[in-house]
2 protein chains.
Amino acid sequence: MRLSTKGRYAVTAMLDLALNGTEGPVTLADISENQGISLSYLEQLFAALRGKGLVRGVRGPGGGYYLGRPADEISIADVICAVDEWVEFTRCNPRPSSADTQRGMTHSLWDDLSQQIYDFLTKITLADLVKRGLEREAERKQGKSAEDLLDLNHRAA
Amino acid sequence: MRLSTKGRYAVTAMLDLALNGTEGPVTLADISENQGISLSYLEQLFAALRGKGLVRGVRGPGGGYYLGRPADEISIADVICAVDEWVEFTRCNPRPSSADTQRGMTHSLWDDLSQQIYDFLTKITLADLVKRGLEREAERKQGKSAEDLLDLNHRAA
DNA sequence: GAATTCCCCAGTAATTTACTCGGTTAAGCG
DNA sequence: CGCTTAACCGAGTAAATTACTGGGGAATTC
């Protein structure tokens, strides 16, 4: 697994689509302005996302991008893997021979961790994040005037 | 959160210490050879790790590095944060004003995700990975006659 | 047919990664 | 005491990635 600013751009852009794509497509120009990323760089990212079917482009005036699937069927892992190339570095030794067990051992341990992270991010969808965000917004707004900063406390409770 | 090859190097190196540090310190030269990383680059990484108290260096002949704490008290998040600088990109707006809600919204959603990943990696320790690895090895070997390759088992015992 | 917007690609500045190379300091050993 | 080993330290740099610039094209709408 790999988690870079590139992946962050992709995820936030996808979240932008999830939030604003309900009433018509979202243009890259909008996202570019919203997120402060250059248009051409966004185009590159979206070329990758489109290649994986995560977004769908509509040309012409009034055009833009939709999510390729419902937001609850797009995981964070999907998005990050689409833009981050995700090369396998595991290809070294299929079975660790008794000679150089060390490298094989640490690598397989890392692979295990990497897999855990990947599984974790597979279970989180764009819809999940949006939902959590809305809930947080709601409970922050809910009749709270002064103790709104400390929503962390009763959220933990 | 950020997850790069640099973080991977750090984690695998720390796993190397966790696996081999039981009977004396491990030299960077060894790790360099095991993991295929250059010595000086390792020195840089270990300078950062040492700065966070995650490793402890011993000079002179027979010297090397120990883990700074027991392996079950060092989380993956600790290791990755030590080498990856972990700059905050959240500092933009404390509370999103209703004006430019868009950028603030997607950013806070990302921050939420980032926090989730961080929490996840905080709960995984070096010891956890080693334990899982040994268990997997054990169950793979179960019924196997050639237990010669796994000196790890009786070294941990 | 003109504006809009996706689409595509080549080049490149900026940043990060990873390394080379030069040393110094502390510790062990004969 | 010298000698070796290894951690420590820092400047400089190749390589890779990130992020952008700029040039076009193709589909769609008005």
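How far from the buried Asp84(B) is the nearest side chain of opposite charge, Arg2(B)? The first legend has the reply, and the views after it move on through this predicted model.

**View 1. Asp84(B) is a buried residue without a salt bridge.** The nearest side chain of opposite charge belongs to Arg2(B), and it is 4.1 Å away. A salt bridge needs a side-chain nitrogen of Lys or Arg within 4 Å of a carboxyl oxygen of Asp or Glu, so this pair does not count as one. To find Asp84(B), look in the loop of chain B that runs between helix H4 (76–83) and helix H5 (101–122). Its side chain does have a polar contact with the side chain of Ser4(B), at 3.4 Å. Leaving out residues up to four places away in sequence, Asp84(B) touches Arg2(B), Leu3(B), Ser4(B), Lys6(B) and Gly7(B).

**View 2. Gly7(B) belongs to helix H1 (residues 5–20) of chain B.** This glycine counts as buried because its relative accessibility is 0%. Apart from neighbours within four places in sequence, Gly7(B) is in contact with Ile80(B), Val83(B) and Asp84(B), and also with Trp110(A) from chain A. For a sense of scale, try finding Glu135(B), which is 128 residues from Gly7(B) along the chain. The C-alpha atoms of these two residues are separated by 25 Å.

**View 3. Val79(B) sits in helix H4 of chain B.** Here is another residue that counts as buried, because its relative accessibility is 0%. Setting aside neighbours within four places in sequence, Val79(B) is in contact with Ala10(B), Val11(B), Met14(B), Leu49(B), Leu54(B) and Ile74(B). Gly53(B) is 26 residues from Val79(B) along the chain, and their C-alpha atoms are 10 Å apart.

**View 4. Asp78(B) and Arg69(B) form a salt bridge.** Side chains of opposite charge can pair when their charged atoms come close. In this pair, the closest N and O atoms are 3.1 Å apart. Are the two partners buried or partly exposed? Asp78(B) counts as partly exposed because its relative accessibility is 28%, and Arg69(B) is also partly exposed, at 29%. Over all chains, the count comes to eight salt bridges.

**View 5. Glu135(A) and Lys131(A) meet in a salt bridge along one helix.** Their N-to-O distance is 3.5 Å. Both residues lie in helix H6 (residues 126–141) of chain A, four residues apart, which is about one turn of the helix. Glu135(A) is partly exposed at 43% relative accessibility, whereas Lys131(A) is exposed, with a relative accessible area of 52%.

**View 6. Arg132(A) and Asp112(B) form a salt bridge.** The closest N and O atoms of this pair are 2.8 Å apart. Arg132(A) lies in helix H6 of chain A and Asp112(B) in helix H5 of chain B, so the pair joins two chains. Arg132(A) is partly exposed, with a relative accessible area of 37%, while Asp112(B) is buried at 6% relative accessibility. Elsewhere, Asp112(A), Arg132(B) and Arg136(B) are linked in a network of salt bridges.

**View 7. DNA strand C is surrounded by 27 residues.** Those that come nearest are Arg50(A), Tyr65(A), Thr5(B), Ser40(B) and Gln44(B). Of the atoms of DNA strand C within 4 Å of the protein, 66% belong to sugar and phosphate. Follow the phosphate oxygens and you will meet a polar side-chain atom of Thr5(B) at 2.6 Å, one of Tyr41(B) at 2.8 Å, and a polar backbone atom of Leu28(A) at 2.9 Å. The residues of this surface divide into nine nonpolar, 12 polar and six charged.

**View 8. DNA strand D is surrounded by 25 residues.** The closest are Thr5(A), Ser40(A), Gln44(A), Arg50(B) and Tyr65(B). Sugar and phosphate make up 67% of the atoms of DNA strand D that come within 4 Å of the protein. A backbone N or O atom of Leu28(B) is 2.7 Å from a phosphate oxygen, and a polar backbone atom of Ser38(A) is 3.3 Å from a phosphate oxygen. Pro61(B) offers a contact with a base: one of its polar backbone atoms is 3.4 Å from a base oxygen. The nearby surface has nine nonpolar, 10 polar and six charged residues.

Technical notes:
Residues numbered from 1 in each chain as written. Chains lettered and ligands numbered in written order. Predicted model: local features only at pLDDT ≥ 70, side-chain atom pairs only at ≥ 80, totals over all residues. Heavy atoms only, no water. Buried < 20%, exposed > 50% of the residue type's maximum accessible area, 1.4 Å probe, protein only. Lys, Arg positive; Asp, Glu negative; His and termini not counted. Polar contact = N/O pair within 3.5 Å; in protein donor to acceptor, adjacent residues only side chain to side chain. Contact = heavy atoms within 4.5 Å. Near = heavy atom within 4 Å. Nonpolar A, V, L, I, M, F, W, Y, C, P; charged D, E, K, R; others polar.
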